[in-house]
Every structure is written in structure tokens, then in C-alpha cells.
Amino acid sequence: MNSQHHQAPYDKFAKFYDLEYSHKDNDLDFYLALARAFGSPILEIGVGTARVASRLAAAGFSVVGIDNSALMLKSATQQLSHLKEMLIGHVQLVHADMRNFTLETIFPLCIIPFRAFLHNLTMDEQLETLTQIHRHLEPGGILAFDLFVPLYQVISASEWHDKIGEEELHPENSGVSIDIKIKHRPEQQILRVTNSYFNRQDGKTRSATMNYRYIFRYEMEALLRLSGFQTIEVYGGFEKQRYNYHSGIMIFIAKRA
Ligand SMILES: C[S@@+](CC[C@H](N)C(=O)[O-])C[C@H]1O[C@@H](n2cnc3c(N)ncnc32)[C@H](O)[C@@H]1O
């Protein structure tokens, strides 16, 4: 295990992450189908609270999940303890950075669900991550991941706000609501997202910030090609719809050339 002593950006999100996303399930069948087609063990980059990994493990697949946030991994460990004992061993959590990791295993399939790849903030970081994945895939191995599409109507703004009320979070009785502030730095293709979590019960607000470097479709295909991957498919949704800019989502399936 590579240990990272500094705080990772997601450490501050960890406590609240599942309130917002534990119920997200629109991508699960898609990643399960890939596991069925390409086999395990599966390398999951940015495994987070094991939302996807626990589902894969419950279906009998082995997953090695890496994440650079110790607190997200702590939450993943709790999540996995709810799985039947015989399945818990199917997920191995590794505290490591996607830009620089070494594992013993070579994988037939690597997945990066829920746009974790966008946390690479420079071209060097993007290429470093793809190089590490390439090293850990079998020849002909598959890399699959989803990104959000940088929609013109969204990135035409330089700053905007959003709010998520208590009733929209799970569980509904947490007493927490979220105020979201997004700053756009177009010259860097970066969206800086600050979530302020207000807890009605103790009256306190806790904030956490993360950055996404958004990527356009052909920029992603170029990054893949530069790193020794061949793009096989680009989908516009988890039902394998054809890529459509306006769908807001793009999913890449690439093969280690
Ligand atoms: C949007 S979350 C996705 C979590 C999970 N895969 C899911 O689908 O719910 C992104 C994850 O990527 C992790 N991450 C961000 N930068 C990372 C890095 N450089 N190395 C490893 N993990 C990273 C974060 O800690 C976080 O858990």
C-alpha cells in the first residue's frame, strides 16, 4: 500500500459523499455488464466509498480499488462490511494516487466510474494516469470510464450556484443541506466546486473544494491514443446510446493497443 500522508481533496467530502450519491445507480448495470464481458479482477480507479465496487463484488467479481483519500476508503470499508462475509474479500482497497501507483496484478479490465478521471488537472497528470493504467492492463485489456460533457450553456458562465435541500439527500433526516458554488476558469478548463454542508442540528457549516478539468471528446481520444490506447466506442449514455454532445455524458471504451 502506498501511503499518502497529506490530506486528499476528498477527505473533506467523505463524511457527506453518500448523502449525495449513495443512491446513484444509473451506471451500475453498465459497469456490471463490462465485468461480465471482460472478467476480473477489475481495477477501479477512484473507488471512493465503494458504490460501484461493492455492487461488482456482490455479483461475484474481484475488484482492486485505488483512491488517494484515506477517509473515502474508510467509508468504503464500512460499506463493504455490510456485504456477505464470503464476498468481502472480493474487494481490495489500496490507498494510492492514480497518477503514480504500482500493483502486483495485471488486469483484463480497468474502470473509472463517475468522472474521477477529471480530477487529473493538467495534461501531464492525465497522461501519467493513463500510463499507469496501461502498465497494469493485459495486452488487449479494456479501459472504460465516463466523463461529463462540457456543455456550452454551462461553461459559458464564469460562476454559478446551486442548492440541494435536505429532502433531496439520502437519508432525508440527516439535517444536512448543501450550498454549491462553482467557479469556472476557462483558460485552464477547470471547474472549481465548493460544497458548503450546513448541518441544521449543530448549526455548523463545513466546506470542501474540488477541481475538475473538463475534457472535450476528441481531446480525450487524443490523450488515449498518446498513451497507447485505441478508442473502441464512445457512448452518450449508460444504455449504450450513440454519443450525443447534448446528452451531457460521454463514456469511453478503449483497448490497450
Ligand atoms: C466522484 S468520486 C467517484 C467515487 C466512486 N468511483 C463512485 O463512483 O461513487 C471521485 C473519487 O476519485 C478519487 N480521486 C481523486 N483524485 C484522485 C487521485 N489523484 N488518485 C486516486 N483517487 C483520486 C476521490 O478521492 C474520489 O473518491
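Which residue forms a salt bridge with Arg217? I looked this up before anything else. Arg217 pairs with Glu221, and the closest N and O atoms are 2.8 Å apart. Both residues lie in helix H8, which runs over residues 217-226. They are 4 residues apart, about one turn of the helix. I note here that the model is predicted.

**Entry: other salt bridges**

I searched the whole structure and found 8 salt bridges. I followed up some of them.

Glu166 and Arg200 form one, with 2.8 Å between the closest N and O atoms. Glu166 sits in the loop between E6 and E7, and Arg200 in the loop between strand E8 (190-199) and strand E9 (204-213), so this pair ties together parts that are 34 residues apart in sequence. I checked the exposure of both partners. Glu166 is partly exposed, with a relative accessible area of 21%. Arg200 is also partly exposed, at 47%.

I then turned to Arg99. Its side chain meets that of Asp97 in a salt bridge, 2.5 Å from N to O. Arg99 has a relative accessible area of 26% and counts as partly exposed. Asp97 is buried, because its relative accessibility is 9% and the cut-off for buried is under 20%. I also recorded that Asp97, Arg99 and Glu125 are linked in a network of salt bridges.

**Entry: charged patches**

I looked for groups of like charge on the surface. A negative patch is made up of Asp162, Glu167, Glu168 and Glu172. I picked out Glu168, which is in the loop between strand E6 (159-164) and strand E7 (176-185). Glu168 is partly exposed, at 45% relative accessibility.

A positive surface patch is formed by Lys181, Lys183, Arg185 and Arg192. Which strand gives the most to the positive patch? I found that E7 does, with 3 residues. I looked at Lys183, which is in strand E7. Lys183 is partly exposed, with 34% relative accessibility.

**Entry: helix H2 and what follows**

I listed the buried residues of helix H2 (residues 28-38): Leu28, Phe30, Tyr31, Leu32, Leu34 and Ala35. I then asked which elements the buried residues of H2 pack against. They pack against H3 and against several strands, namely E1 (42-45), E4 (107-112), E5, E10 (229-235) and E11 (249-256).

After H2 comes Gly39, which has a positive phi, near 85 degrees. I read on from there and found that the peptide bond from Ser40 to Pro41 is cis, with omega near 10 degrees. Pro41 is placed in the loop between H2 and E1.

**Entry: Ala58**

I checked Ala58, which lies in helix H3 (residues 51-58). Ala58 is partly exposed, with a relative accessible area of 41%. Leaving out residues up to four places away in sequence, Ala58 touches Leu83 and Leu87. I also took its distance to Asn26: the two are 32 residues apart in sequence, and their C-alpha atoms are 17 Å apart in space.

**Entry: His136**

Is His136 buried or exposed? I found it buried, with a relative accessible area of 2%. His136 is in the loop between helix H6 (123-135) and strand E5 (137-148). Not counting neighbours within four places in sequence, His136 is in contact with Leu43, Phe101, Thr102, Leu103, Thr105, Ile106 and Phe107.

**Entry: backbone angles**

I went through the backbone for departures from the usual pattern. Most residues other than glycine have a negative phi, and most peptide bonds are trans.

Besides the bond before Pro41, I noted a cis peptide bond that joins His170 and Pro171, with omega about 0 degrees. Pro171 lies in the loop between E6 and E7. Glu168 is in that loop too.

I also noted Phe114, a residue other than glycine with a positive phi, near 50 degrees. Phe114 lies in the loop between E4 and H6. Phe114 is buried, with a relative accessible area of 15%. Arg115 is not a glycine either, and its phi is positive, about 50 degrees. I placed Arg115 in the loop between E4 and H6.

How values were computed:
Residues numbered from 1 in each chain as written. Predicted model: local features only at pLDDT ≥ 70, side-chain atom pairs only at ≥ 80, totals over all residues. Heavy atoms only, no water. Patch = residues over 30% accessible without salt bridge, like charges linked within 9 Å, V, L, I, M, F, W, Y side chains within 5 Å. Areas by Shrake-Rupley, 256 points an atom, 1.4 Å probe, with all protein chains shown as cover. Salt bridge = Lys/Arg side-chain N within 4 Å of Asp/Glu carboxyl O. Lys, Arg positive; Asp, Glu negative; His and termini not counted. Charge placed at Lys NZ, Arg CZ, Asp CG, Glu CD. Helix = DSSP H or I, 4+ residues; strand = E, 2+ residues; numbered from the N terminus. Buried < 20%, exposed > 50% of the residue type's maximum accessible area, 1.4 Å probe, protein only. Contact = heavy atoms within 4.5 Å.
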